[in-house]
Amino acid sequence: MNLWLTRLLRNAITAVTSLGSFARFVISTVDGVRAEPPQRRVIVPLMVEIGLKSVGVVLATGAFVGMVLAVQIYNQLHKMGAESTAGPIINLSIVSELGPVLAAIILAGRVGGAMAAELGTMKVTEQIDALRTLGADPVTYLVTPRFLSCLLLVPILTLYSDAIGVVGGYVMSVKFYAISEHYYWEQTRRFLEMWDVFVGIAKSLFFGGAIGLICCYKGFQAGQGAEGVGRATTNAFVAAFITILVSNFFMSLFFNTLYRVLHS
Amino acid sequence: MTDVVCATKPSEGLIRIEQVWKRFGSTHVLRGAHINICRGETLVIIGESGCGKSVLLKHIIGLLRPDKGRVIFDHIEISATDETDLATVRRRFGMVFQLAALFDSMSVRENVAFGLYRHTNYSEDRISSIVTEKLRLVGLSGVESKMPSELSGGMRKRVGIARAIALDPEVILYDEPTTGLDPIMSDVINELILRVQRSQNTTSIVVTHDMKSAYKIGTRIAMLHKGKIIQVGTPEEIQNTTNPIVGQFIRGEARERIEESLA
Ligand SMILES: Nc1ncnc2c1ncn2[C@@H]1O[C@H](COP(=O)(O)OP(=O)(O)O)[C@@H](O)[C@H]1O
Ligand SMILES: [Mg+2]
């Protein structure tokens, strides 16, 4: 009993101190934007790495998300004879819910994992210490540009994914299941608002920032050796994944409530 | 012969490590390590692997902070200076890391020039000529545009030294500069440390467990054992030590260790 209590207390203390150190990390990263705006020669290669090289995987994800939603939703609605409403349901899911979440998860794996592994390697090979001895702040120098790149590029990549998802959903619904093209788009226009697109972008902005911060933080926390880097990479992905799913739930709740308040 | 009077008069040490304690979790690494380092000397720190030599070295440049005790460099209390102010103090230091710690994503030129870009407003031409000069000093030429992954271990170490001396620091810290190199390359590095020492009259602190190197480059040799400096002396004094632990280490005897592991 006593032992159990001690352990609980110790875990609570660890949780609070690590939250504190993450908070300090976030503050230094954001402060870095002001203190030392990233140079073009640092940020351009990063943007190419994070953005350009992720386009393929994001498009593939988006297309299949759109298509599978169409398959699922068409078949459910067909039983109720309400296929004509498939358009708005599919497109709404893509734009404000599944599109941002799945794009973020794919990017957490691709970009976040790579960043955690890169920074983790720099940590275990003392490159981060070397930066400090040469007068550079590792957070400002390494994390701030990565954070900014993710913040900017994850929403853009999400828009790509949404666009191809909408096409995928349309192809399956109209070309494969033969829903009336006119109804499909007319209903979509009626029920899909700019608001939903805005919610999707707002979410992906948050996901982008979270991926950048969490994955870089886990990289910096890497323990010793190749094993430490491997563990940091896995931890980064799991932490980013959970953060995306949980924060998405709360953001959906928040934005839906906000919408109702604004329109009543 | 360098004057080593500061060893007995603490106020004259350029760097003073005062009763430094450091632990990681439950591992007590330093337990009251204490030593003064004089301006212009080459102090070699020896000790078995994992005894905390790198940890001690990192305290000198403020990469680690002591749990207890102080580190003082030229009247500046390194152990109590915040990270922002340390950046300026560190301009007076150069550090050579065990595995060189070259920046993987940068060319040799960018690695060597890194500190110059951060701390000076020199023109590109001036930076290029400093880079070339420092690379020549370490015996490398025409490697400016190579990436670290294209270099051998010995070359990486030498680029690491060139990077550390780019700003002509007053103090250079070397972490195991000869470990993992073949005997000839080790000697090349020893000669290089001596040459840098003489050409710029720097204070050097060299961590190693290579006794040949220690005798060759050291003004004084200090042994770290169980978190404390157990003996400091000239190479002759260390060679003629009466301390059994130091004697066992410098002769590379395993006797006691085997008994320990059999017990
Ligand atoms: N950042 C760190 N976190 C946890 N333990 C560390 C850290 N740095 C060093 N140690 C531990 O401190 C001890 C001494 O390490 P080190 O100074 O690297 O030894 P060496 O004398 O071989 O250079 C080792 O047990 C090492 O695992
Ligand atoms: Mg070491």
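Read along its sequence, chain A goes α-α-α-α-α-α-α-α-α. That fits its tally of 9 helices and 0 strands, while chain B has 10 helices and 10 strands. Keep in mind that this is a predicted model. Below is a tour of both chains, followed by a few helices and residues worth finding on your screen.

**Chain A as a whole**

- Picture a box drawn along the principal axes: the C-alpha atoms of chain A fill roughly 65 × 55 × 40 Å.
- Of the 264 residues in chain A, 45% are buried.
- Now take contacts in chain A between residues at least 6 apart in sequence: 85% of these join residues at least 24 apart.
- Chain A exposes about 13500 Å², and carbon and sulfur atoms supply 69% of that area.
- On the charge side, chain A carries 19 positive and 15 negative side chains, with the centres of the two sets 5 Å apart.

**Chain B as a whole**

- The matching box for the C-alpha atoms of chain B, again along the principal axes, is roughly 60 × 40 × 40 Å.
- How does chain B compare with a compact globule? With 263 residues, such a globule would have a radius of gyration near 18 Å, and chain B has 19 Å, so the two agree.
- Buried residues account for 54% of the 263 residues in chain B.
- For contacts in chain B between residues at least 6 apart in sequence, the share joining residues at least 24 apart is 64%.
- About 12000 Å² of chain B is exposed, with 50% of it coming from carbon and sulfur atoms.
- Chain B has 34 positive and 32 negative charges, and their mean positions are 2 Å apart.

**Helix 3 of chain A**

- Helix 3 of chain A covers residues 55–80, which makes 26 residues.
- From its first C-alpha to its last, helix 3 of chain A reaches 38 Å, close to the 38 Å expected at 1.5 Å a residue.
- Its buried residues include V58(A), V65(A), L69(A), I73(A), Y74(A) and L77(A), and G62(A) and G66(A) are among them too.
- What covers those buried residues of helix 3? Helix 4 and helix 6 of chain A are part of the answer.
- Just past the end of helix 3 of chain A, look for G81(A), which takes a positive phi of about 65°.

**Helix 9 of chain A**

- Helix 9 of chain A has 38 residues (225–262), so at 1.5 Å a residue it should span 56 Å; its end C-alpha atoms are 53 Å apart, which agrees.
- Among the buried residues of helix 9 of chain A are A232(A), A236(A), A240(A), I244(A), M251(A) and F255(A).
- Which helices do the buried residues of helix 9 of chain A pack against? They are helix 4 (86–124) and helix 8 (194–220) of chain A.

**Two buried residues to look up in chain A**

- S96(A) sits in helix 4 of chain A.
- Is S96(A) buried or exposed? Its relative accessibility is 10%, so S96(A) counts as buried, because buried means under 20%.
- Leaving out residues up to four places away in sequence, S96(A) touches D196(A), V199(A), G200(A) and K203(A).
- S96(A) and M47(A) are 49 residues apart along the chain, and their C-alpha atoms are separated by 25 Å.
- Q187(A) belongs to helix 7 of chain A, and with a relative accessible area of 10% it is buried as well.
- Setting aside neighbours within four places in sequence, Q187(A) is in contact with S84(A), T85(A) and P88(A).

**Two residues with an uncommon phi**

- Most residues other than glycine have a negative phi.
- A178(A) has a positive phi, near 60°, and is not a glycine.
- Find A178(A) in the loop between helix 6 (138–176) and helix 7 (181–191) of chain A.
- A178(A) has a relative accessible area of 62%, so it is exposed, because exposed means over 50%.
- Over in chain B, Q19(B) is another residue that is not a glycine yet has a positive phi, about 45°.
- Q19(B) lies in strand 1 (residues 15–24) of chain B, and at 44% relative accessibility it counts as partly exposed.

How values were computed: Residues are numbered from 1 along each chain as its sequence is written. Chains are lettered from A and ligands numbered from 1 in the order in which they are written. This is a predicted model: local features need pLDDT of at least 70, side-chain atom pairs count only at pLDDT 80 or more; totals for chains, interfaces and linings use all residues. Side-chain values use heavy atoms; hydrogens and water are left out. Helices (H or I, at least four residues) and strands (E, at least two) are DSSP runs, numbered from the N terminus. The radius of gyration is taken over C-alpha atoms; the globule rule is 2.2 Å times the number of residues to the power 0.38. Buried means under 20% relative accessible area, exposed over 50%, partly exposed in between (1.4 Å probe, protein chains only). Contact means heavy atoms within 4.5 Å. Accessible areas come from the Shrake-Rupley method with a 1.4 Å probe; for residues, only the protein chains shown count as cover. Lys and Arg count as positive and Asp and Glu as negative; His and the chain ends are not counted. The place of a charge is taken as NZ of Lys, CZ of Arg, CG of Asp or CD of Glu. The expected span of a helix is 1.5 Å times one less than its number of residues.
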